[in-house]
Amino acid sequence: MDADEVRSRLATVEDPDFDEDIVSLGLVNAVDVTDESIKLSLALGAPYAPNETRIAEAVRDTLADTDRTVELTAAMPSALRTDDEVLPSIQNIIAVASGKGGVGKSTVSVNLAAGLAERGARVGLFDADIYGPNVPRMVESDDGPETTEDQTLHPPEQYGMKLMSMDFLVGEDDPVIWRGPMVHKVLTQLVEDVEWGSLDYLVVDLPPGTGDTQLTVLQTLPLTGAVIVTTPQQVAIDDAVKGLRMFGEHETPVLGIAENMSSFRCPDCGGRHDIFGSGGGETFAEEEDLPFLGSIPLDPAIRAGGDGGNPIVREESDSADAFRTLTENVANNIGVIRRQQVRSHAKSAPEQ
């Protein structure tokens, strides 16, 4: 068996998100065949995403009868990254945003990051809400970053996540009263002066709205995509549209719409109550032709997990499963974006 035969076999492996095989898509970077092993490098950019895991399993199954050890590595083509890219050791940066406060954006950010870590990914969680940081409380992290000899910050870790927040750097209950230029400076330092190390995902919890912080993040970080959080009610959706347009103006892909506080299950009567309306987030996603990432119920246990510092996605419940579904959908959609980039690069390469 040689490399050509291996590629021929791999041409039978279909991508679950595209109507093409992985060879045609350009997802096979390199093939090295010896008498003992087959080493493959695949252009898969969303570690631990369910659909990319399925691709890897299908590849192994296709080569299972060769009596050789199959070794897979994932690496995006270097041509898709620039030399001066900020945070080159972080594979994917996800912004979590909302048009207004009070929709549970930080709750979604924390559980998304914890859900990715639960799947085995290397994860960082950056609380970019300069004026109202609360992520440390939501993950029960009291230890701030350590300063290295190089005057950089070594972030604390909790639940398999590296953490950074303005809350670590200001006194308890001290208000932060800064104008735009100072916000830009501090955010830049919090990103670039932190020793994040190699990460599969960095989740950035943005403050609500479309102000200085959001613009700084959009202009500074190479975002893979954004998650828009809303509740079902029309008022929240009206504001979510503004956040959506902001990402569109900066050509940042939107990974989808997450609907929080979708319904309340009464523990006494067992019935469901749509306190904030019903289906607004899903309808919003359909109208904007965006993926719907899932509905998160209005559950007192979610609030308790946030206040107590234990993200509910780490537990076993229907609400935890809802966050797991959201996490899987986000990871899958990142995979679609990354493989689409590879596909476009592969299609255009012969013309260069």
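**Cores, salt bridges and contacts in a predicted model**

Student: Which residues are in contact with Phe 247, leaving aside its neighbours within four places in sequence?

Tutor: In this predicted model, Phe 247 is in contact with Ala 95, Ala 97, Leu 206, Leu 218, Leu 223, Ala 226, Ile 228, Thr 252 and Val 254. Phe 247 also stands out in the largest nonpolar core, which has 77 residues: together with Ile 94 and Phe 126, it touches the most other members. A second, separate core has 20 residues, including Val 6, Leu 44, Ile 55 and Val 59.

Student: What makes the pairing of Arg 343 and Glu 20 a salt bridge?

Tutor: The N to O distance between their side chains is 2.5 Å, and the cut-off is 4 Å, so the pair qualifies. This salt bridge links distant parts of the chain, 323 residues apart: Arg 343 is in helix α10 (residues 318–348), and Glu 20 is in the loop between α1 (3–10) and β1 (28–33).

Student: Why is Glu 20 called buried or exposed, whichever applies?

Tutor: Its relative accessible area is 16%. Buried means under 20%, so Glu 20 is buried. Arg 343, at 24%, falls between the limits of 20% and 50% and is therefore partly exposed.

Student: How do you know that Asp 200 and Arg 122 form a salt bridge?

Tutor: Their closest N and O atoms are 2.9 Å apart, and this distance lies within the 4 Å cut-off, so the term applies. Asp 200 belongs to strand β10 (residues 199–205) and Arg 122 to the loop between α3 (105–118) and β5 (123–127), so the salt bridge ties together parts that are 78 residues apart in sequence. Asp 200 has a relative accessible area of 5% and is therefore buried, whereas Arg 122, at 42%, counts as partly exposed.

Student: What makes Lys 242 count as exposed?

Tutor: Its relative accessibility is 52%, and exposed means over 50%, so the term holds. Lys 242 forms a salt bridge with Asp 239, with the closest N and O atoms 3.5 Å apart. Both residues lie in helix α7 (residues 234–249), 3 residues apart, about one turn of the helix. Asp 239 is buried, at 17%. Elsewhere, Asp 15, Asp 17, Glu 52 and Arg 339 are joined into one network by salt bridges that share partners.

Student: How many salt bridges are there by this rule?

Tutor: The count comes to 14.

Student: How do you know that the side chain of Tyr 48 makes a polar contact with the backbone oxygen of Gly 120?

Tutor: The side chain of Tyr 48 reaches that oxygen at 3.3 Å; the limit is 3.5 Å, so the pair meets the distance criterion. Tyr 48 lies in the loop between β2 (37–42) and α2 (50–62) and is partly exposed, at 39%. Beyond four places in sequence, Tyr 48 touches Thr 53, Arg 119, Gly 120, Ala 121 and Asp 200. Tyr 48 and Arg 119 are 71 residues apart in sequence, with a C-alpha to C-alpha distance of 6.4 Å.

Student: Why is Gln 91 called buried?

Tutor: Gln 91, in strand β4 (residues 90–97), has a relative accessibility of 19%; this is under 20%, and Gln 91 is therefore buried. Its side chain reaches the backbone oxygen of Gly 45 at 3.2 Å. Among the residues in contact with Gln 91, leaving aside neighbours within four places in sequence, are Leu 44, Met 76, Arg 81, Asp 200 and Arg 338.

Terms used:
Residues numbered from 1 in each chain as written. Predicted model: local features only at pLDDT ≥ 70, side-chain atom pairs only at ≥ 80, totals over all residues. Heavy atoms only, no water. Core = buried A, V, L, I, M, F, W, Y, C linked by side-chain atoms within 4.5 Å. Buried < 20%, exposed > 50% of the residue type's maximum accessible area, 1.4 Å probe, protein only. Contact = heavy atoms within 4.5 Å. Helix = DSSP H or I, 4+ residues; strand = E, 2+ residues; numbered from the N terminus. Polar contact = N/O pair within 3.5 Å; in protein donor to acceptor, adjacent residues only side chain to side chain.
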